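Visitor: I would like a close look at one part of this protein, please: the salt bridges and the places they sit in.

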Amino acid sequence: MVAGADCIDDMNLLRAGARADLFGGIRAPSTLGTFLRTLTIGSVVQLGKIHRLLLVRTVAAVPALLTGLDTLAILDLDTTQRRVFGPGKQGARFGHTKIASKSVVVRGLNAMIGTVSTLTSPPLVANARLRAGNKVSVTGADRFLAETVTAVRAVRAAGATGAVLARGDSGFYAGTVVSTARRLAVHFSITTPQNVAVRAACEAISETGYTAFKGTRHQVTARLVVRRVKALNPTATRGQGELFPVWRYHAVLTDSPFTLAQAEPQHRQHRQHAIVEQVNADLVDGPLAHLPSGRFTANAAWLVLAATTHNLLRAAGALASPFHGRARGATLRAHLVNIPGRLARHGRGLLTVHLPTGWHAENAFTGLVHAVRGLPPARAA
């Protein structure tokens with residue numbers, strides 16, 4: 001996956017040329033496919049735990065990945081529908097997605113992604129879970145949030161007391177999600193749907209107190225931050241839209257400790273929730289381009305491995321250069337993984353990579369090599 005694999009057949013890449021000098025054992029697509037099909041839900045849960053433990057050790061080894069984590073840790077929750085063709089895949093159902101900014105219904109599997117970032121560092125994948133294609137965002141979101149918060153707090157240095165802020169779109173607007181955030185002492189910032197009660201509050205002022213989920217055990221009072229923009233007025237005659245404006249409201253329910261002046265103009269905290277979409281795009285442009293197996297558990301394991309791959313590439317980029325620390329996955333693969341080098345064997349069995357003269361990514365690649373050599377050795381498992 002680090003080298004760009006997006007299906008099981010790409011395993012053949014490790015059987016070509018002189019790869020036997022680097023890798024031992026049988027590495028065939030059929031072997032990998034057989035292994036994935038033997039996995040159970042319990043195996044996927046264990047793989048998810050390995051992913052979270054590896055995230056902790058990766059951030060500890062490369063602190064530049066999440067600078068400022070002790071001050072504010074930001075969790076972003078999102079879902080993405082991965083389209084599949086044919087009903088043969090287990091869990092394939094019809095669900096909503098966006099294609100060319102239009103909401104459509106497609107058959108697929110649904111992936112829930114939880115990322116962690118800071119005000120100055122790009123996001124890493126803290127948690128990932130595959131679900132049936134007809135699942136809506138809020139289904140199981142409270143348990144997923146709890147797992148993600150646990151992973152993020154394990155990543156943070158011992159004794160860190162900075163705030164944790166969980167963000168989500170209107171699909172995560174539910175009493176169970178807010179109650180879970182309160183129980184875990186996590187601040188929340190969630191887009192609210194435009195129902196009657198919310199719109200009535202929006203009509204008044206730009207920021208107001210609001211009690212959500214009235215009459216339920218999840219009832220909570222928090223700030224309702226409202227951004228108002230002009231929308232197209234379909235009833236106004238041509239050229240009269242300014243005289244008869246129609247307002248569209250974007251409201252966010254939050255208990256963030258930051259004031260409106262701090263959160264919106266300076267840090268644009270909730271609007272930066274869109275960075276999770278970039279993570280989804282990187283995954284889709286890489287190993288999550290396909291869900292390669294007919295077995296649901298195999299595809300669920302594939303998703304977790306894709307998340308681990310994303311974090312490893314981010315770590316390599318952070319060690320290579322400041323530019324690569326924020327580059328997309330495709331750029332990292334082109335500059336740091338799929339390099340135009342030539343392998344040469346020495347008399348003592350050592351391998352040397354000869355890079356082309358004047359290669360534009362030479363400094364970044366050599367910087368990565370020197371940085372990795374300087375890392376402390378990994379502890380025994």
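Guide: Happy to help; here is the setting, then the pairs, then a few neighbouring features.

A word on the numbers comes first. This is a predicted model, in which local features need pLDDT of at least 70 and side-chain atom pairs count only at pLDDT 80 or more, while totals for chains, interfaces and linings use all residues. Residues are numbered from 1 along each chain as its sequence is written, and side-chain values rest on heavy atoms, with hydrogens and water left out.

The protein chain folds into ten helices and eleven strands; these are DSSP runs numbered from the N terminus, with helices being H or I of at least four residues and strands E of at least two. Of its 381 residues, 43% are buried. Here buried means under 20% relative accessible area, exposed means over 50%, and partly exposed lies in between (1.4 Å probe, protein chains only). Among contacts between residues at least 6 apart in sequence, 63% join residues at least 24 apart, where contact means heavy atoms within 4.5 Å.

Now to your salt bridges. The structure holds four of them, each being a side-chain nitrogen of Lys or Arg within 4 Å of a carboxyl oxygen of Asp or Glu. As background, side chains of opposite charge can pair when their charged atoms come close.

Take R129 and E147 to begin with: their closest N and O atoms are 3.0 Å apart. This pair links distant parts of the chain, with R129 in strand 4 (residues 124-132) and E147 in helix 3, 18 residues apart. R129 has 22% relative accessibility and so counts as partly exposed, and E147, at 31%, is partly exposed too.

Next come D255 and R182, whose closest N and O atoms are 3.2 Å apart. D255 lies in the loop between strand 9 (246-254) and helix 6 (260-266), and R182 in helix 4 (residues 175-183), so this bridge ties together parts that are 73 residues apart in sequence. R182 is partly exposed, at a relative accessible area of 41%.

The pair of R328 and D282 has its closest N and O atoms 3.0 Å apart. Because R328 sits in the loop between helix 8 and helix 9 and D282 in helix 7 (residues 275-284), the bridge ties together parts 46 residues apart in sequence. What is the burial of each partner? R328 is partly exposed at 37% relative accessibility, whereas D282 is buried at 9%.

Stay with the loop that holds R328. S321 also lies in the loop between helix 8 (296-320) and helix 9 (329-337). S321 is buried, with a relative accessible area of 19%. The S321 side chain makes a polar contact with the side chain of H324 at 2.6 Å. A polar contact is a pair of N or O atoms within 3.5 Å; within protein, one must be able to donate a hydrogen and the other to accept it, and residues adjacent in sequence count only if both atoms are side-chain atoms.

Go back to helix 4, the home of R182. A185 lies in the loop between helix 4 and strand 6 (187-191). Although A185 is not a glycine, its phi is positive, about 60 degrees. A185 is exposed, with a relative accessible area of 61%.

Finally, consider helix 3, which carries E147. The largest nonpolar core has 46 residues, and L145, F188 and Y210 touch the most other members. Helix 3 (residues 141-155) gives the largest share of this core, seven residues. A nonpolar core is a set of buried Ala, Val, Leu, Ile, Met, Phe, Trp, Tyr and Cys residues joined through side-chain atoms within 4.5 Å. Beyond its neighbours within four places in sequence, L145 is in contact with L75, L77, A166, V177, T180 and A181. Apart from this core lies another, of 25 residues, including L36, V84, A92 and A306.
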